[in-house]
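Hi,

Here is the structure I promised to pass on. Have a look at it first, and my notes are underneath.

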Amino acid sequence: MVTQYIEEQSEPDKSHFVFAYTISITNSGEVAAQVISRHWIINDANNHIEEVKGLGVVGHQPFLPPGQSFEYTSGCILKTPQGSMKGYYFCVAED
């Protein structure tokens, strides 16, 4: 994951910090698979937790043959200038 602080959309005096992140999902298996959903847990420096669940990623449910990748960029807003994200993707193999 590559992250970037978006200064022009942030308002630090209002505790509004905008970040973009770019993720690459690679099928390292031997069978094609489709990304069905995602589940993220976003935590700011004040230990405020936000969960994000949903179908696909940025409106897509990419189908990935072995060795193929899908890259996307999305974003999140934190109330602090620091935080963390963790989560997973639910994928279904073609077989």
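Below is what turned up, first on the pocket and then on the aromatic rings. Keep in mind that this is a predicted model.

Let's start with the pocket. The largest one has a volume of about 160 Å³. If you want to find it on screen, its lining includes Met-1, Thr-3, Phe-19, Tyr-21 and Ile-42, and Cys-76, Leu-78, Pro-81, Gly-83, Ser-84 and Met-85 line it too. Three strands each put at least two residues into that lining: β2 (17–26), β6 (69–78) and β7 (83–93). Of the contributors, β7 gives the most, with three residues. As for chemistry, eight of the lining residues are nonpolar and three are polar, while no charged residue takes part.

Now the rings. There are four aromatic pairs in the structure. One of them is Trp-40 with Tyr-89: the ring centres are 6.0 Å apart and the planes meet at 85°, which is over the 60 degrees needed, so this pair counts as edge-to-face. The two partners come from distant parts of the chain, with Trp-40 in strand β3 (residues 33–44) and Tyr-89 in strand β7, 49 residues apart.

How buried or exposed are these two? Trp-40 has a relative accessible area of 7%, so it is buried, whereas Tyr-89, at 23%, counts as partly exposed.

Tyr-21 joins in as well: ring pairs connect Tyr-21, Trp-40 and Tyr-89 into a cluster. Tyr-21 is also one of the residues lining the largest pocket, which makes it a handy place to start looking.

Cheers

Notes. Residues are numbered from 1 along each chain as its sequence is written. This is a predicted model: local features need pLDDT of at least 70, side-chain atom pairs count only at pLDDT 80 or more; totals for chains, interfaces and linings use all residues. Side-chain values use heavy atoms; hydrogens and water are left out. On a 1 Å grid over the protein atoms alone, a cavity is a set of points where a 1.4 Å probe fits but cannot get out, and a pocket is an open set with protein on both sides within 12 Å along at least five of seven lines; lining residues have an atom within 4 Å of a point. Grid points are joined across faces, edges and corners, and a volume is the space filled by probe spheres set on the points. Helices (H or I, at least four residues) and strands (E, at least two) are DSSP runs, numbered from the N terminus. Ala, Val, Leu, Ile, Met, Phe, Trp, Tyr, Cys and Pro count as nonpolar, Asp, Glu, Lys and Arg as charged, and the others, Gly among them, as polar. Rings of Phe, Tyr and Trp (its six-membered ring) pair if their centres lie within 6.5 Å; planes under 30 degrees apart count as stacked, over 60 as edge-to-face and the rest as tilted. Buried means under 20% relative accessible area, exposed over 50%, partly exposed in between (1.4 Å probe, protein chains only).
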